[in-house]
Amino acid sequence: MAIFLILAPYGAFSLLMLVTSAASSVFAASAICLATVAIDVVRGRSVKILAAGSAIVFAAIGLYLALIDPQLGTLGVKLSVDIGIFVISLGSLLVRRPFTLQYALEAVPAETAAMPGFLTANYVITGAWTVAALLMAAGNLVLLYVPGLPLWSSLAVAFAARNSAIYFTKWYPEYLQIKYGTPARALPDAS
């Protein structure tokens, strides 16, 4: 359930981009991000870096479209979103607060969170998501500058990068448990 809430704004954005304007899509995604923040607040959880940052990214792109360049193409909007997510993810690593850590701390017992490898595992998993965001941005960038490429090539890169990151998020804690005998589920269920 947690992974659904984490990815819901991005899924809604992608689907809405197929049927409505880019501005409507990013504003709807921003609203969904804000709803996930509100759900966390109501449940007494921390406001997540990813959700709050994504709400800002989506809203900023929407304002850019509404006020400055309403003709920005679909690829430009998707590239902007991917770059925004990359900046959030990389930024969380640079400030030594990997964004996955907030989700993990709410999903595991305190004794698991106190283990020496717990923080390192979150750095590795956040790194995987950072690479996935970079690959998605690169896929859109290549499609933007090589217009002869089929649209599905960018979609394939995005699909593979996102699903690989989801798989890795689920697999890595299980791998650590097998390797070191530590408790599994360092992050919410990714299935």
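Is Trp171 buried, partly exposed or exposed? Hold that thought for a moment, everyone.

This is a predicted model, with local features needing pLDDT of at least 70 and side-chain atom pairs counting only at pLDDT 80 or more, while totals for chains, interfaces and linings use all residues. Residues are numbered from 1 along each chain as its sequence is written, and side-chain values use heavy atoms, leaving out hydrogens and water.

Back to Trp171: it is partly exposed, with a relative accessible area of 32%. On that scale, buried is under 20%, exposed is over 50%, and partly exposed lies in between, using a 1.4 Å probe and protein chains only. Tyr175 is also partly exposed, at 32%. These two sit 4 residues apart in helix H8 (residues 151-180), so about one helical turn separates them. Helices here are DSSP runs of H or I, at least four residues, numbered from the N terminus.

Their ring centres are 4.9 Å apart and the planes meet at 20°, so the pair is stacked. Rings of Phe, Tyr and Trp (its six-membered ring) pair when centres lie within 6.5 Å; planes under 30 degrees apart are stacked, over 60 edge-to-face, and the rest tilted. Phe168 and Tyr172 join Trp171 and Tyr175 in one aromatic cluster.

Now to the other end. Helix H1 (residues 2-19) bends by about 45° at Ala8, and Pro9 follows within four residues. That bend is the angle between axes fitted to the seven residues ending there and the seven starting there. Among the buried residues of H1 are Ile3, Tyr10 and Phe13. Thanks for listening!
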